[in-house]
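This briefing goes through one protein model topic by topic, beginning with its aromatic residues and moving on to the core, a helix, a sheet and a single arginine. Please keep the sequence and the 3D view at hand while reading.

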Amino acid sequence: LIPILVYNGFAEPEEARKQNAKSKDKVEVYLAKGEGGGGPVASTNIPLSQIKLEDVPLFTSDDMLYYNSASDSFLLKTKAYDAIRQLEVPVHGKTFVLMVGKRRVFRGALWSNWSSMPFDGVVIVQPTRVVNSELQLQLGYPKEYFTGQDPRHDPEVLSILKDAGKTSEQH
């Protein structure tokens, strides 16, 4: 009976289960869905678990060429970089949530470098260059504005990036 179930797709063979488990071992960044006028600043009043997310991630660890844990900078494949560069980011930013599998690790914001609004959280400043360049998970916008706890060095996130061969101390 088991071979019949496996053959007909009702039960997963061991190799398929391993592949599914591996696909969940990635870091994903999702944008918040349907943000109101307050943007990321207003979202800090909403529990992380209740932020509604887009169906498709903005980028994943598969899109990363490397992550430098010393500077929290990273380089993305051109397609993912261009997706961030071409987003319409309002003056008050755009909320994102970094996830591992179904676990929400932390929230942050995409921010425009022309914005005069401060933000006390993790920020990815939207790139303006046409050519792919390094991005950074920076603390606060402007940088000196951050007052909270640094969530960027989650052991599970770093472990996944290391196992995928994406981490480095210098690039």
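With a relative accessibility of 5%, Phe59 falls under the 20% limit and therefore counts as buried. The model is a predicted one, and Phe59 serves here as the entry point to its interior, since this residue is among those of the largest nonpolar core that touch the most other members.

**Aromatic pairs**

- The count of aromatic pairs comes to four; one of them joins Phe59 and Phe74, whose rings are stacked at 5.7 Å centre to centre with 25° between the planes.
- Because Phe59 belongs to strand E2 and Phe74 to strand E4, this pair ties together parts that lie 15 residues apart in sequence.
- Phe74 is buried as well, at 1% relative accessibility, and Phe59, Tyr67 and Phe74 together form one aromatic cluster.
- The rings of Trp111 and Phe119 also make a stacked pair, with centres 5.1 Å apart and planes at 20°; Trp111 is buried at 0% relative accessibility, and Phe119 is buried at 4%.

**Nonpolar cores**

- The largest nonpolar core has 28 residues, and those touching the most other members are Phe59, Phe74, Leu76, Phe96, Leu110, Ile124 and Leu137.
- Two or more residues of this core come from each of the strands E1 (27–31), E3 (64–68), E4, E5 (94–100), E6 and E7 (119–125), and likewise from each of the helices H4 and H5 (155–163).
- A further core of seven residues lies apart from the largest one, and its members include Tyr30, Ile51, Leu53 and Met99.
- Once its neighbours within four places in sequence are left aside, Phe59 is in contact with Val27, Glu28, Val29, Met64, Phe74, Leu76, Ala80, Ile84 and Ile124.

**Helix H4**

- Helix H4 covers residues 78–85, and its buried residues are Ala80, Tyr81 and Ile84.
- Viewed down the axis of H4, these buried residues fall within an arc of 100°, so they line one face of the helix.
- The general background is that an α-helix has 3.6 residues a turn, so residues three or four places apart point the same way.
- Among the elements that cover the buried residues of H4 are the strands E2 (59–60), E4 (73–76), E6 (103–111) and E8 (135–136).

**The four-stranded sheet**

- Four strands form an open sheet with mixed pairing, in the order E8-E4-E3-E10.
- E8 and E10 (167–168) stand at the edges with a single partner strand each, so one side of each is left without a neighbour in the sheet.
- E3 and E10 run parallel and are joined by two bridges, with Tyr67 standing opposite Thr167 of E10.
- E3 and E4, by contrast, run antiparallel and are joined by four bridges; Asn68 has Ser73 in E4 as its bridge partner.
- The hairpin formed by E3 and E4 has four residues between the strands, and Asp72 in this turn has a positive phi of about 55°.
- Four of the five residues of E3 are buried, so this strand is largely enclosed by the rest of the structure.

**Arg107**

- Arg107 is placed in strand E6, and its side chain reaches the backbone oxygen of Ile46 at 2.9 Å.
- Not counting residues up to four places away in sequence, Arg107 touches Ser43, Thr44, Ile46, Pro47, Leu48, Ile51, Phe96, Val97 and Val122.
- Two of these contacts also appear in the cores described above: Phe96 belongs to the largest core, and Ile51 to the core of seven residues.

Key
Residues numbered from 1 in each chain as written. Predicted model: local features only at pLDDT ≥ 70, side-chain atom pairs only at ≥ 80, totals over all residues. Heavy atoms only, no water. Buried < 20%, exposed > 50% of the residue type's maximum accessible area, 1.4 Å probe, protein only. Arc of directions from axis to C-beta. Contact = heavy atoms within 4.5 Å. Core = buried A, V, L, I, M, F, W, Y, C linked by side-chain atoms within 4.5 Å. Polar contact = N/O pair within 3.5 Å; in protein donor to acceptor, adjacent residues only side chain to side chain. Phe/Tyr/Trp six-rings, centres within 6.5 Å; stacked < 30°, edge-to-face > 60°. Pairing = 2+ DSSP bridges.
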